[in-house]
Amino acid sequence: MMKKPALLQFSHSRMSLYRECPMKYKFRYIDKLPEEPKPYFAFGSSIHSALEFLYDVKEPPFPALPAVLAAFKKDWESLTPEQKGYTDPAKADADYANGLEMLQAYYKKHKATLSVPVSVEFRTKVPVDGLDVTVIVDRIDHLGGGKIRIVDYKTGKHVSREPDQLYMYQKILESSAELRYKAAMRTGAKESDISVDQLVFYHVPSLSEDVSPRATDREIAAFWEKALVVGENIRAAKFDPQPEERKCRFCDFKSRCPIYGGGAGPSPSQSDFFGGLLSEPPHKAAADVLQDKAAAYVALLEKISALDEQALSLKKELAALMAEKNVHSLEAGGCSVVLEQLSGLEVPDRKALVKTLRETGLYEKALALTPKSIMAVLSDEALPPPVKDKISALVKISRRGDVSVFKK
Ligand code: SF4
């Protein structure tokens, strides 16, 4: 029987680095050579961290501006300027001040329209076509009716971007059962209705959004073809250098690169890591051992994936049973299992609801259109019954449960 090859670790950053220069990819991911820290990475990371803090709430209120700025400061100060790659402390101070200004401007622009996202920093790993693809999505918003938008923050100078990164996110998120479940829990929409509707690059320095509709199946297929070619080339150990003045000038591996007179051969341990692809083929017995190990690894990944599905389904059953029996927590296997009640809100005709709320002077009260705010409006005893009936007819509030497990 033909044994399947092991899954190849893959992500958008791996793919784009390979396309930039295959040899640079080899230095970074196969030889695992360290790179110099870069100030722009540290800056971007602190801005991302502050925005994650801002949006990481289950319901309003959102953190106030001083707390968001404090989150930025905390992340910024977790490394010294040297550890961030600064050679000039004055430049580090200027970037810090710039980050504070950027976040103040962001907060001012968006504070009135902040809405609770489906997820922030959503991380998942999905095996597809022999690739084990990891994505980490900055923010996933709900647009209503199960439609979601994928948001990626950019903090560099340039606004324009290739759409490949968002295509990768769309491709992976649309096949993620974990995301569908989470989005359904958060929004009250059916899992089968969860779909990607918009792809957004948000450029924080200019506060501008580059919004595209969901990529078509044809666009995704064309993108994925390119990704698979990169995967095949990596498996085939095609790591030829692709020099280009602009790229090489800032390359940390220049001294090792054969283009610049360096010896690029891998160490023995690196050859082992790559299953013999980078050196002389191992003798037959060793090849068999490798095949067995790779096959055992693949089998284990398949088992983990099947167990993940089982655990998710059991979790749903358990949450439903605990909600039905009105059990809020219980002890099992040395852990506390706690039921969390979540409300979802579906508004099939948002315009009609906003119109009704405005006409009846209730819009300010229900501003966030969350289950909580709508329920507060509906449970107000002073609300005239005809208004209550009209609003009730325009919304569907569902209650669901989720369980969290805490080690004792
Ligand atoms: S120096 Fe240039 S060619 Fe060599 S690895 Fe770096 S980017 Fe590639």
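## Helix 3 against helix 6

In this predicted model, helix 3 and helix 6 cross in a right-handed sense. Helix 3 covers residues 39-55 and helix 6 covers residues 89-110, and the two pack at an angle of about 30 degrees. Angles under 35 degrees count as roughly parallel, and helix 3 and helix 6 are therefore roughly parallel to each other. Their axes lie 11 Å apart.

If you would like to find this contact in the viewer, start on helix 3 with P39, F43, S46, I47 and A50. Across from them, helix 6 contributes D95, G99, M102 and L103. Sorted by class, the contact of helix 3 with helix 6 has six nonpolar, two polar and one charged residues.

## Two partners for helix 9

Helix 9 (residues 217-235) takes part in two packings described here, one with helix 7 and one with helix 1. Take helix 7 (residues 164-173) to begin with: it packs on helix 9 at an angle of about 105 degrees, with the axes 10 Å apart. Because of that angle, helix 7 is roughly perpendicular to helix 9. From helix 7, the contact uses D164, Y167, Q170 and K171, while helix 9 brings E219, I220, F223 and W224. The classes here come to four nonpolar, one polar and three charged residues for the contact of helix 7 with helix 9.

Now turn to helix 1 (residues 12-20), whose axis comes within 10 Å of that of helix 9, with a crossing of roughly 70 degrees. That angle makes helix 1 roughly perpendicular to helix 9. M15, Y18 and R19 of helix 1 meet A227, V230 and I234 of helix 9. Five nonpolar residues and one charged residue make up the contact of helix 1 with helix 9, with no polar ones.

## A hairpin of strands

Strand 2 (residues 119-128) and strand 3 (residues 131-144) run antiparallel and pair over nine bridges. One pair to look for is P127 with its bridge partner D132 in strand 3. Two residues sit between the strands of this hairpin, and D129 takes a positive phi near 50 degrees.

## Backbone details in the loops

Two loops are worth a look for their backbone geometry. In the loop between helix 2 and helix 3 you will find K32. K32 has a positive phi of about 55 degrees although it is not a glycine.

Further along, P60 and P61 are joined by a cis peptide bond, with omega about 10 degrees. P61 belongs to the loop between helix 3 and helix 4 (65-76).

## Around the ligand

The ligand has 14 residues around it, and those that come nearest are C21, P241, C248, C251 and C257. Helix 2 (22-30) and helix 10 (245-249) each provide at least two residues of this shell.

What is the make-up of the shell around the ligand by class? The shell divides into 10 nonpolar residues, one polar residue and three charged residues.

Methods:
Residues numbered from 1 in each chain as written. Predicted model: local features only at pLDDT ≥ 70, side-chain atom pairs only at ≥ 80, totals over all residues. Near = placed C-beta within 6 Å. Helix = DSSP H or I, 4+ residues; strand = E, 2+ residues; numbered from the N terminus. Nonpolar A, V, L, I, M, F, W, Y, C, P; charged D, E, K, R; others polar. Axes fitted to C-alpha atoms, helices over the stretch in contact; angles between N-to-C directions. Parallel < 35°, antiparallel > 145°, perpendicular 65-115°, else oblique. Left-handed = near helix turned anticlockwise from the far one by under 90°. Contact = placed C-beta atoms within 7 Å. Pairing = 2+ DSSP bridges.
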